[in-house]
Amino acid sequence: MPTKRRRLMGVLFLITASLIGSSMPSVAAPVPGSHWFDERAATSFTVEDGRFVDGLGREVVLRGYNVSGETKLEENDGLPFASVADAEKSAAALRALGGGNSARFLLSWAYAEPVRGQVDHTYLAAATAQMRAFLRVGIRVYPDFHQDLFSRHLFHKGSWYTGDGAPKWVVDAGGYPRESCGICLFWGQNITQNQAVTKATYDFWHNKGGIQEAFLATAQTTMAYVAEHLTAAEFAGVVGFDPYNEPHAGSYDPGQTSRTWERDVLWPFYERFRARMDAAGWRDKPAFVEPNLFWNANLDFQRQEGGLLDAGRLGPRYVFNTHFYDQKAISGVFMWGRAKDGQYAGDFGTVRDRAAGSQTAAVVSEFGHPLGGTVSDKAPTVGKAMYQALDSRLPGSTWWSRPEGSGPVLSGSQWQWDIYHGRHRELMNGNPDKVLAAADAWNDEDLSAVRLDDSDAPVLRQDARLLDRLYPSATAGRVLAFTYEDRSRDGSTTLTWNPVPASLPRVRELVGTGQYGVLLWRSDGASAPTELHLPASFGPERTTVVSDLGVLHGLPAYDSGTAIAVAPEPGGTASRRVLLTANSANGADDADDDDADGLHYALITNGATNPPTDLLLAARAELAAWAAERR
């Protein structure tokens, strides 16, 4: 939407709201913690000019988790939670402890359609109720019909492995060979080495016996049910749908390559799924489509050409959706030692480039690293390097010298957020002699970022400084560059990969050993504020903001005339956000005068204790000169 038109719409909205005030009908009560702009922002979520935008035209970044691997298990009948109360507990913790504003919400085809042609509306009702728990605390959701290794019903009771996804009737009709992976060290090797998995997967893509059409019909029924059973405000928080997790051909036809398979098989499937979305009332929501899962593998012998190269322009109807795991680090063989500054800049840079080439937004809907087992010692540095690469395509060591190369801030959903971690009671493949309780209870995975303590309260399993991060959740304009130094820990060692350079001595003094983030953005002139999620480690009273909009130590509560302020995030979970308003009603007394081109900067840190005014002003002078070089 052109800037002038967006400004005009914003003015008209404010005038209309002031005229009719409380006489406006409401379909739902406002989300707790909301301000005047929040309801309008939540009315839509679209792709525009290669980025996510909200109802106010602000650039949106989704950060959160997969909810959850529990859906893969039988113990709760393919649902993420045993009850809505547990869903509410998990959602509140994801917001307040995990710093998330979104969730990839897993669904099960096996439980949605246990009998061919008969969708289980009881399952859909339970899943929708659990989804609602997240929407009601302000968390945006994108559902995912999840699968791994096609189906758990391919695996016999004595198997070392299991799967999830397709219903039993699909497997029964397929007549597949007894599954066996041979000599496999990791469950993922079944994808290409287990003939039962490869044959069943191949049959799905070629619609043998009409199974793909059955899946599409169930997906349409599911989407229609969700649309009909959420309020309009709740449904607005459902931002799209992920049609198929980690697609792979199973096996290729003679002469077929991974790229031609994407073009001739995978993409037509996505077009058919897109049509089902439209028919179910999801026309205005994008499909979060994944390429061949091996397109960006970081082991050369696994990588296959792909990335939806022949799909043309994806936006705004499709989002480029991919996963990234460091298979070198997970192997324990191909990467010795820890991850380092900039370790994944190239990998995530490729995601940015592919999305830009497709003219759409990108999301990394799975990433993470095992938190238990022989390679868990790498998790702190691997996690830090992955979040660093989501924030910017530059290593910390070079960010300050060339922030214009930072690229867009990527959205992402970490795998995973399972409050039942370590408390499962899963009969693996229905075997009463193989009851799994530990970790994630699925193929020896141990990746949940959360668990319940002895009082049944959610607690983090990873450093809060890594997970609960500063990030620009909604920018009124265009993000030019962003970085965040979380000071997360590897054991007793604090990791600092982006120190403030010696060329900015007063900024360096102000930050000290604290956490800090820097946002450089160009305003679109809108009246709504730019928002950054404020981690719990940034108490408002000890947070310092140095910006062209003003300089503050200790943040005031937001009102419409405050340029720099703090406010609760919508949802009533006690999570907070920094609000930066470039054209607030009263402005800031100490704001810079030079705003002709709409360029703004803000440093946010918790490193200073009662900093003197001369230090604050000197730090702003340094930042102003640094930002001016980027005009």
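This report covers the overall build, surface, two helices and one glycine of a predicted model.

## Overall build

The protein contains 18 helices and 25 strands. Its radius of gyration is 24 Å, close to the 25 Å that the globule rule gives for 631 residues, so the protein is as compact as a globular protein of that length. Along the principal axes, the C-alpha atoms occupy a box of roughly 75 × 60 × 55 Å.

Of the 631 residues, 59% are buried. Among contacts with a separation of 6 or more, 74% are between residues 24 or more positions apart.

## Surface and charge

The exposed area of the protein is about 23,500 Å², and carbon and sulfur atoms supply 53% of that area. The charged side chains number 60 positive and 75 negative. The centres of these two sets lie 2 Å apart.

## Helix H9

Helix H9 runs over residues 211-229, 19 residues in total. From first to last C-alpha it reaches 27 Å, close to the 27 Å expected at 1.5 Å a residue.

The buried residues of H9 include the aromatic residues Phe215 and Tyr225. Also buried in H9 are Ile211, Leu216, Met223 and Val226, together with Ala214, Ala219 and Ala224. Gln212, Thr218 and Thr222 of this helix are buried as well. An α-helix has 3.6 residues a turn, so residues three or four places apart point the same way.

## Helix H18

Helix H18 covers residues 613-628, which is 16 residues. At 1.5 Å a residue these should span 22 Å, and the end C-alpha atoms are 22 Å apart, so the two values agree.

Buried positions in H18 include Leu615, Leu616, Leu623 and Trp626, along with Ala618, Ala619 and Ala627. Two residues with charged side chains, Arg620 and Glu622, are also on the buried list for H18. The cover over the buried residues of H18 includes helices H15 (396-399) and H17 (505-511). Strands E19 (516-523), E21 (544-547), E22 (550-553) and E25 (599-605) are also part of that cover.

## Glycine 237

Glycine 237 sits in the loop that joins helix H10 (232-236) to helix H11 (258-279). Its relative accessibility is 14%, and because buried means under 20%, glycine 237 counts as buried.

Apart from neighbours within four places in sequence, glycine 237 is in contact with Leu135, Arg140 and Val141. The C-alpha atom of glycine 237 is also 6.7 Å from that of alanine 42, a residue 195 positions away along the chain.

Definitions and conventions. Residues numbered from 1 in each chain as written. Predicted model: local features only at pLDDT ≥ 70, side-chain atom pairs only at ≥ 80, totals over all residues. Heavy atoms only, no water. Helix = DSSP H or I, 4+ residues; strand = E, 2+ residues; numbered from the N terminus. Rg over C-alpha atoms; globule rule 2.2 N^0.38 Å. Buried < 20%, exposed > 50% of the residue type's maximum accessible area, 1.4 Å probe, protein only. Contact = heavy atoms within 4.5 Å. Areas by Shrake-Rupley, 256 points an atom, 1.4 Å probe, with all protein chains shown as cover. Lys, Arg positive; Asp, Glu negative; His and termini not counted. Charge placed at Lys NZ, Arg CZ, Asp CG, Glu CD. Expected span 1.5 Å × (residues − 1).
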